[in-house]
Amino acid sequence: MSNWRRVDELITYHGKGVTPKYVGKSSIVVLNQKCIRNNKIDYSFAQYIDDSKDYNQEKFLRIGDILINSTGQGTAGRVTLVKYIPDNFTVIVDSHILVLRTNNFFESKCLNYSLFSIESTLQKFMDGSTGQGEFDRVRLFNVKVGYSRDVITQQKIASVLSALDDKIDLNNKINAELEQMAKTLYDYWFVQFDFPNEAGKPYKSSGGKMVYNNVLKKEIPEGWETKRLGDVLNTCLGGTPSTKNKKYWNGNIPWLNSGEVSNFPLIETEQRISEEAINNSSTQLLKKGSVLLSITRHLRVNILGIDACINQSIAGLEESENIKKSYIYYAISNDIERLMSLRTGAQQPHINKTIVDDSPFLIPSHLVLSMYYNITEPIIERIINNAKQNQELAKLRDWLLPMLMNGQVKVSDNYNIDSDDTLIAAEPDVCYGGKEHLDIPSNRKSFARQVLAGKVVSVFKDDPNFSNIKFQKIQFLAEHIIEADLNQNYYYQAAGPYDNAFMKSIYGHFKTQKWFDSQNQRFVPLTKEEKIEGYYQGYFATAQERLDRLFNLLYQTTEAEAEIIATIYAVWNNRIIQGTSISDSELIEDFYEWSDRKQQYTTDQILVGLKWLRDNNLEPKGFGKLIKKAKGK
């Protein structure tokens, strides 16, 4: 029997919601079109209706209902799935949303993913030419989907795809918390002026000397000053290349319009331009880390997570050695209310570059800024990296989705639906299934090791402390923490454990796979970098949680700290393999005997490395082979 079925063969109910009369607060939540975007429900746009009135019970949403916006060009056709109902509330939709209901939750999840994969096509299913055209449900009902009829298979497919969505959601939550942490710190230090004084106590609250500032019309800490923003930072406006010249567009350089500035952090653009476009227009190419300010209508602030060009409705503020993005971003964000009051123009309210340049800019002491950057710069980098990981995960999900739905990729029969581990891979010949340990075929170990190295570079390539030495030590620790038998062959090297053959060949493998090129001690992504995530999930999914945790911990470390940690781990692991006694003093002695280079580190630094391993439950277990000195060393 063919799996292809029309949508109307799958649903047991379809209908629109109510025409609401909103009230301030009640137990009935009403969703509207703004609530549906990116296959998610955003309850922050929801409102309430009178819960003392009677409504058709069929119209109240149930978990598993599929929602489709049904009115308006640009919004009609957006799809989402009801995954939960908020506690102590019932939920209903307004009359501009279509509800589809099936007879089981996993049928609904598969149908939701199928429809979301063609959302851009659904958005063209409009009946009427006005801006409030109606979504054509007849065309929707005639859409055919081809996923399995078997409920267990549906459940497996949904679980695989949901695992990716859950990781994306988790990263989004982490980013929201990280951004709030950085903002709270900024406000505490630079608005309330309670940064740590020399005794580690809040400066202003502990009686720190304050001096009245005539520009800001308030007191600021003694020794701080204000300057004109344009005298402190390089600022610029962009431009739009001629749309009549096709050679200017669809190039490889990201180009932003002001409407995109709201997506924090900014890691992708809707359009791209060519080098020729830059040379023949007023657009400006800004480096990653620049702060953006949209200057038209709603003023918004953002941080560039990539190199990109901007249009004329965006002001670019380049970070400097002393004034970095994590300070600029929150300083401008706190100034938005004042800047909004300075807009002119009835049709298109805006500010100009002069207003931006003339803005008063508070310059704290170098010491306080340095302490602040030590905390906030890694936070911003983590936010950017999480956003980029989400971008890769979404690509992987969208790549997998049609193959799972049409049976080109199978979910293995021994897949455990209730397991916390979800194995997925980006190669059609790889089965999907949960395993308790890594079981990589011997003929794939070399490639799997390249994949793990590629993942390390994907995560750390934007880490300012990421060097060849740090790369080597992260690779060593990752392989040993997850106990991955990848035919590694480590020896003593001055900076720590080192697999000479692997590290000398990996850069060539990266280039051959078109993953990365190495330029000026930095890694530059090539055309197939996004393939890494799929391979990584296929080989290392069962170890992903441990690796993610390790990477997050190591992202905060310097090159020296990574070297100390990896070397301590190696000498400790050697003693376990040899079955000899283990004490802190013996580990420290082994550390210093590793090479003459180790004499630069103090005993306190080594003890900090030991504590780091213990505090994070990363003590070695005796995995792998004894690390020896290379012949002739």
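A residue is called buried when its relative accessible area is under 20%, exposed when it is over 50%, and partly exposed in between (1.4 Å probe, protein chains only). The exercises below concern a predicted model, in which local features need pLDDT of at least 70, side-chain atom pairs count only at pLDDT 80 or more, and totals for chains, interfaces and linings use all residues. Residues are numbered from 1 along each chain as its sequence is written, and side-chain values use heavy atoms, with hydrogens and water left out.

**Exercise 1. A pair within one helix**

Determine how K353 and D357 are placed in helix α10, and state whether each is buried or exposed, or in between.

Solution.
Step 1. Helices (H or I, at least four residues) and strands (E, at least two) are DSSP runs, numbered from the N terminus.
Step 2. Helix α10 covers residues 353-357, and K353 and D357 are 4 residues apart in it, so about one helical turn separates them.
Step 3. K353 has a relative accessible area of 27% and is therefore partly exposed. D357, at 9%, is buried.
Step 4. The two residues form a salt bridge, with their closest N and O atoms 2.8 Å apart; the term denotes a side-chain nitrogen of Lys or Arg within 4 Å of a carboxyl oxygen of Asp or Glu.

**Exercise 2. A pair between two loops**

Identify which parts of the chain are tied together by K288 and D462.

Solution.
Step 1. The closest N and O atoms of the K288–D462 salt bridge are 3.3 Å apart.
Step 2. K288 lies in the loop between β21 (284-286) and β22 (291-294), whereas D462 lies in the loop between α12 (445-460) and α13 (468-481), so the bridge ties together parts that are 174 residues apart in sequence.
Step 3. K288 counts as partly exposed because its relative accessibility is 21%. D462 counts as buried because its value is 17%.

**Exercise 3. The surroundings of D187**

State where D187 is found and which residues it touches.

Solution.
Step 1. D187 is found in helix α5, which comprises residues 151-190.
Step 2. Its relative accessibility is 18%, so D187 counts as buried.
Step 3. The side chains of D187 and K183 are joined by a polar contact of 2.7 Å. Such a contact is a pair of N or O atoms within 3.5 Å; within protein, one must be able to donate a hydrogen and the other to accept it, and residues adjacent in sequence count only if both atoms are side-chain atoms.
Step 4. Not counting residues up to four places away in sequence, D187 touches Q192 and N334, where contact means heavy atoms within 4.5 Å.
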